[in-house]
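Please look through the structure shown here, with attention to how its helices meet, what its interior spaces are lined by, and where its backbone departs from the usual. The paragraphs that follow take up these topics in turn.

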Amino acid sequence: MPTTTALSSFESDEFTAQLERTLGKVYDGCADVGECLATAGRIEDGDYESWYDEWFATAESVEDTAREARERGHDVSAREAFLRATEYYRSAYFFRRHDLDDPDLHETWQRQRDCFRAAMEMADHTCESVDIPYEETVLESYFLAPDDSGAARPTVIGFPGYDSPVEESYAMLARAALTRGYNCLLFEGPGQGGMLYEKRLFFRPDYETVVTPVVDVAVGREAVDESRLALVGRSFGGYLAPRAATAEHRLAALAADPAIYDLGTLVLQLVPEELRAPVLEGDPDADAALDGQLEDPHALEFFGSRMAAHGLDSLGEYVRELQEYTYESEIGSINCPTFVADNESDRLAVQSHDLATRLTAPTEYTKFTDAEGAGGHCEGMGQSVFHQRLFDWLDATLDGTASP
């Protein structure tokens, strides 16, 4: 659920939550408060077309500013503007993701990627595009380091969630890592960003098959201290990262925000009780009744975008598919120290405490609150609060000074 902010005039919870998502990136220079509020003030509450048009207009204007600054040799101003444009384009297409053939989705996603790469050309750290071999294709990734010394450093591996491009992980993880002297390897897996929009590769529950080739590339780099490798999963990554860690044992640390071990149980809570058993059995009438919910454009976008990321056309198929997304019987296979984030106002955090109590590896359980400004999904606008706790724990854990 979104946190309450006097800055938002939206009555729509989904619009408020997404505005706060963008405002949360101000701390790392990937958004501007004034630009965000000016954009929000032009948006017709609850209207997806208005949301797209106004965020696109802001993004395009800021991108123009970035290009002009670059042409005049103002690299810092250009870099900052390109980063803000990256986020505004991402926000623009957020409610356009249920149709993978939507030309607006493709244009806006590509423009956010182009703006990010333009910013990285002028970054105050290194950023290298890396292709990670994966089955018959490659995972596009970025390897970021504080400098080009090649010194072996602790490295965090990060990736997006259900609805993110990899570029969003710059503000959600990489920038905080770089300022603390860490490398960061960011990648997109099946079901995410370009892997979904361009290659039509869909999510899979056995995420260790995705993370293992990423770790292979990481440990092969001279600048990576392979004994200090951490995997960080946020949002849907709170399932994907721990699932990968049940089989990938070269990790020195794991973080899940929030921690999820059984997505099937969570999604069933969204199904009317009388339909749950017949939907799980694949009853056509139950599927048809469930798909009736998609007549609401807001339900279509929420569920449709997730169905698309799995390559599915039916809500019943989606519910059944998510029953495969569990590692409950394999929790004991996670053998690295683990940071488990909980949150009092994140509806997806309901399994965090339970997982923390089931883990046999050393576990740091942290619950974030509204009172400290870190309420909401993945700590909402309190990103610096999250990063402080995560990286203080990582510092101690990877340096061998963590409390037992």
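In this predicted model, helix α6 meets helix α16 through A171, M172, L173, A176 and A177 on the α6 side, and through Q383, H387, L390 and F391 on the α16 side. Sorted by class, the residues of this contact comprise 7 nonpolar and 2 polar ones, with no charged residue. Helix α6 covers residues 169-179 and α16 covers residues 383-398; the two pack at an angle of about 50°, and their axes are 10 Å apart. Because of that angle, α6 is oblique to α16. The crossing of these two helices is right-handed.

A second pair of helices may be set beside this one. Helix α1, residues 13-23, packs against helix α2, residues 33-42, at an angle of about 160°, with the axes 10 Å apart. The angle is therefore one that makes α1 roughly antiparallel to α2, since angles over 145 degrees count as such. Here too the crossing is right-handed. From α1, the residues L19, T22 and L23 take part in the contact, and from α2, V33, C36 and A40. Of these residues, 5 are nonpolar and 1 is polar, while none is charged.

The interior comes next. The structure contains 3 cavities of 30 Å³ or more, and the largest of them holds about 90 Å³ of space. Which helix gives the most to the lining of the largest cavity? It is α4, with 4 residues. Helices α4 (75-92), α5 (103-120) and α6 each supply at least two residues of that lining. Among the lining residues are K25, C30, L83, T86, E87 and R90, as well as E167, E168, Y170 and A171. A171 thus appears both in this lining and in the contact of α6 with α16. By class, the lining has 5 nonpolar, 2 polar and 5 charged residues.

Two places in the backbone remain to be described. Most residues other than glycine have a negative phi, and most peptide bonds are trans. The peptide bond from D257 to P258, however, is cis, with omega near -10°. P258 is located in the loop between β6 (253-257) and α10 (263-268). At C378, a residue other than glycine, phi is positive, with a value near 50°. C378 lies in the loop that runs between β8 (363-368) and α16, and α16 is the helix that packs with α6 at an angle of about 50°.

How values were computed. Residues are numbered from 1 along each chain as its sequence is written. This is a predicted model: local features need pLDDT of at least 70, side-chain atom pairs count only at pLDDT 80 or more; totals for chains, interfaces and linings use all residues. Side-chain values use heavy atoms; hydrogens and water are left out. Axes are lines fitted to C-alpha atoms, for helices over the stretch in contact, and angles run from 0 to 180 degrees between N-to-C directions. Angles under 35 degrees count as roughly parallel, over 145 as roughly antiparallel, 65 to 115 as roughly perpendicular and the rest as oblique. A crossing is left-handed if the near helix is turned anticlockwise from the far one by less than a right angle, and right-handed if clockwise. Contact means heavy atoms within 4.5 Å. Ala, Val, Leu, Ile, Met, Phe, Trp, Tyr, Cys and Pro count as nonpolar, Asp, Glu, Lys and Arg as charged, and the others, Gly among them, as polar. On a 1 Å grid over the protein atoms alone, a cavity is a set of points where a 1.4 Å probe fits but cannot get out, and a pocket is an open set with protein on both sides within 12 Å along at least five of seven lines; lining residues have an atom within 4 Å of a point. Grid points are joined across faces, edges and corners, and a volume is the space filled by probe spheres set on the points.
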